[in-house]
Amino acid sequence: MTDSEQVDLRLAEADDAPAMLEVIHQAFGARPAVDPPAAALSDTVDDVLTRLAAAPGVIAEVDGRMVGCLHTSLDGEVGGLHRVSVLPGQRTHGVASTMVRGAGEVLLELGAKRLELLCRKEFPQTCQWWQSHGFRVLRETPLGQILGIDLPARVEAATGEQMQELGRRLAGLLRAGDVVVASGDLGAGKTTLTQGIGAGLDVDGPVISPTFVLSRVHHNRGAGPDLVHVDAYRLGSEAELFDLDLDLTLPDAVTLVEWGAGLAEGLSDSVLQIDIRRSLDPDDETRVVYFFGTGERWQGVDLHQLEKE
C-alpha cells in the first residue's frame, strides 16, 4: 500500500467472518508474546460471527483487499472497540485511525457518546499512539488501561433558522480564548451557524462571510467576548493564517475559522471542531452538524447538551 492509495470502509457481513479472522490472527500474531496470551489468537469463525450478530463490525479495504478490521460493542452510551487489527506492513498508512473514525460514526448513530478500549500494559507505545489520537486513560485494569474518547455531538438542522438557533445554544458554551474550526462544503451553513453564535454572544453585526477581507472582528455589546470571524478559504498555509495577527485578539475573543481544518489547529492547544454535512438527497436541506472538542479546555464539557432543543 502506498500513501496515495485510498482506504475504503464498509460494514462487515457474515460472509466476511473467515477473512476477518485471518486478518485478526495475522495482526495479533505479529505482536510480541504476552502473558496471558491475547484472546484474539484463539478466536474462531464462530466467535467472529457471534460478535457480528451482536454489534457492527468495520472493515478497511484497499483496492478491494481487506487490510484491517475491528469489532464493536454497545453498552448504554459506551461503545467498545475490540480486535482492532491491521495487517503487518499496513500500519503506517492511517488504516487504524480511519477504521476508528468510521466505527465512531456508526456507534454514534446507535446512541453511543464515548468509545472505550483496552490497551495492554505490555505495549506502552500502542497506548501512546491511542493517546496521540485523543484517547485518555479512564481506569486501570489487571491487564492494562481502559482508554476512552468522547464521541462528537450530532445535531440535525432542517432549516437556516434551526442552524442559527443551534449557534445560539453553542454560544452559551463558548468563552474568551476559544478557537472554533468550522468545516463543510460550500453552502453547508458555516456562516449561518456563525450568525447564531454572534447573536448568542450579543456582538455587533451583521455577521457575514469575510471571504474578501479574510477576518472581521465583531465587538461585544456587553461584557462578553468579541467574535473574530475568519474565512481561510483563500489561504494556502498556516503561515498565511498567522499573518492575520489573530494572536492579538485571541485572548479576549471567540475565534471562529471557516475552512480552517488543517490550518487553524495551531492557534490553540484546545480547539472545537465543527463539521457540517449536507444530505445526499439534493432536495433535502437538512444539515447534520458534528461537534468535537480537543484539548484540556473541552475535557468534561458536555457537547451533547447541544442535541437538546
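# Group meeting talk: pockets, a disulfide and two strands

Hi everyone, let's begin with a pocket: the second largest one holds about 660 Å³ of space. Before I go on, a word on the source: this is a predicted model, where local features need pLDDT of at least 70, side-chain atom pairs count only at pLDDT 80 or more, and totals for chains, interfaces and linings use all residues. Residues are numbered from 1 along each chain as its sequence is written, and side-chain values use heavy atoms, with hydrogens and water left out.

You will want the pocket rule. On a 1 Å grid over the protein atoms alone, a pocket is an open set of points where a 1.4 Å probe fits, with protein on both sides within 12 Å along at least five of seven lines, and lining residues have an atom within 4 Å of a point. Grid points are joined across faces, edges and corners, and the volume is the space filled by probe spheres set on the points.

So, what lines the second largest pocket? There are 26 lining residues, and those nearest the centre are Arg-101, Glu-105, Ile-149, Pro-152 and Phe-292. Helices H3 and H4 and strands E7 (144-150), E13 (271-278) and E14 (287-294) each supply at least two residues. As for the labels, helices (H or I, at least four residues) and strands (E, at least two) are DSSP runs, numbered from the N terminus. H3 makes the largest contribution to this lining, with six residues. By class, we have 14 nonpolar, six polar and six charged residues; here Ala, Val, Leu, Ile, Met, Phe, Trp, Tyr, Cys and Pro count as nonpolar, Asp, Glu, Lys and Arg as charged, and the others, Gly among them, as polar.

Now over to the largest pocket, with about 1,100 Å³ of space. Its lining has 41 residues, and Phe-28, Arg-31, Val-84, Leu-118 and Thr-126 are the closest to the centre. Two or more residues come from each of helix H1 (17-29), strand E4 (78-86), helix H3 (95-109), strand E5 (114-120) and helix H4 (124-132). Which element gives the most? That is E4, with seven residues. The classes here are 25 nonpolar, ten polar and six charged.

Let me stay with E4 for a moment. Seven of its nine residues are buried, meaning under 20% relative accessible area with a 1.4 Å probe and protein chains only. E4 pairs with strand E3 (residues 65-75) in the antiparallel sense over seven bridges; two strands pair if DSSP finds at least two bridges between them. Gly-68 has Val-86 in E4 as its bridge partner. The two strands form a hairpin with two residues between them, and Gly-76 in the turn has a positive phi of about 65 degrees. With E5, E4 pairs in the parallel sense over three bridges, and Gly-79 stands opposite Leu-115 there.

On to the cysteines. How many disulfides are there? One, taking a disulfide as a pair of cysteine sulfur atoms within 2.5 Å. It joins Cys-119 to Cys-127, with S to S at 2.2 Å, and both cysteines are buried. The torsion about the S-S bond is about -115 degrees, so this disulfide is left-handed. Why does Cys-69 stay unbonded to Cys-119? Because Cys-119 holds the closest cysteine sulfur, and that sulfur is 18 Å away, too far for a bond. Cys-69 has 0% relative accessibility and therefore counts as buried.

Last stop, strand E9 (residues 179-184). Six of its six residues are buried. In a regular strand the side chains alternate between the two faces of the sheet. In E9, Val-179, Val-181 and Ser-183 point one way, while Val-180, Ala-182 and Gly-184 point the other way, and all are buried. E9 runs parallel to strand E12 (residues 253-258), joined by four bridges, with Val-181 partnered by Val-257. E9 also pairs with E13 in the parallel sense, over five bridges, and Gly-184 stands opposite Ile-276 in E13.

Just ahead of that strand, Asp-178 is in the loop between helix H5 (160-171) and E9. Is Asp-178 buried or exposed? At 3% relative accessibility, Asp-178 counts as buried. A polar atom of its side chain lies 2.8 Å from the backbone nitrogen of Arg-175.

One more residue takes us back to a strand from the start: Gly-148 is found in E7 and is buried, at 0% relative accessible area. That's my tour, thanks for listening!

Conventions:
Buried means under 20% relative accessible area, exposed over 50%, partly exposed in between (1.4 Å probe, protein chains only). A polar contact is a pair of N or O atoms within 3.5 Å; within protein, one must be able to donate a hydrogen and the other to accept it, and residues adjacent in sequence count only if both atoms are side-chain atoms.
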